[in-house]
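Subject: Structure handover

Hello,

Here is the structure for you to look through. My notes on the sheet and the pocket follow below it.

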Amino acid sequence: MSTLFLKGEEQFGLGEIDWVDDDIKLTYMSTSYTPDVDTENFYADISASAASGLSVETLANKTATIDTANNRVAYDADDAAQGPVSGMTNKYVLWKDTGSPTTSPLIACIDLTDGTVNVVASTLTTTFNAAGIFARNVA
């Protein structure tokens, strides 16, 4: 199940995460990883669960768009691709890179819609939903 991390929500609220201008990264996670939004706050908390053989991606051309029809802000970026790589994953984590894993806040854990992907010496492409990677609702 895709989810937002509490630390990321706090950092957005404090103005410490600027989706468009900050260095936002994507890390593919091992299939055994289960996010804990209450206790996992920084990249150092999850880095050991990164999927073996897959590298960290830096998101490019990030946007934050107001969606008045759904009372939310949608966050998006260019699709992510890396290759050739070999590895297995079923989710990825988005996080802000501060330069130190112990202070880099986690933003969201997103499940892959295709389920588990096993890449063997080929390109792994993550095509983000046209409506955005994730959204934050405004009640």
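Please keep in mind that this is a predicted model. I start with one strand pair. Strands β7 (residues 91-96) and β8 (residues 106-111) run antiparallel to each other, and 5 bridges link them. Within this pair, Tyr 92 has Ile 110 of β8 as its bridge partner.

Both strands belong to a wider sheet. It is open, has 5 strands and follows the order β1-β8-β7-β2-β3. The pairing is antiparallel. The edges are taken by β1 (3-4) and β3 (57-58). Each has a single partner strand, so one side of each has no neighbour in the sheet. In general, strands of a sheet pair through backbone hydrogen bonds.

A helix goes with this sheet. Helix α1 (residues 6-13) lies across β1 and β8. Its angle to β8 is about 130°.

Now the largest pocket. Its volume is about 350 Å³. The lining holds 18 residues. Nearest the centre are Tyr 92, Asp 111, Leu 112, Thr 113 and Thr 127. Tyr 92 is thus a name to note twice: it is the bridge partner of Ile 110, and it is one of the lining residues nearest the pocket centre.

Which elements give two or more residues to the lining? They are β8 and β9 (117-126). The largest share comes from β9, with 4 residues.

By residue type, the lining divides into 9 nonpolar, 7 polar and 2 charged.

Best wishes

Definitions and conventions: Residues are numbered from 1 along each chain as its sequence is written. This is a predicted model: local features need pLDDT of at least 70, side-chain atom pairs count only at pLDDT 80 or more; totals for chains, interfaces and linings use all residues. Side-chain values use heavy atoms; hydrogens and water are left out. Two strands pair if DSSP finds at least two bridges between them. Contact means heavy atoms within 4.5 Å. Axes are lines fitted to C-alpha atoms, for helices over the stretch in contact, and angles run from 0 to 180 degrees between N-to-C directions. On a 1 Å grid over the protein atoms alone, a cavity is a set of points where a 1.4 Å probe fits but cannot get out, and a pocket is an open set with protein on both sides within 12 Å along at least five of seven lines; lining residues have an atom within 4 Å of a point. Grid points are joined across faces, edges and corners, and a volume is the space filled by probe spheres set on the points. Ala, Val, Leu, Ile, Met, Phe, Trp, Tyr, Cys and Pro count as nonpolar, Asp, Glu, Lys and Arg as charged, and the others, Gly among them, as polar.
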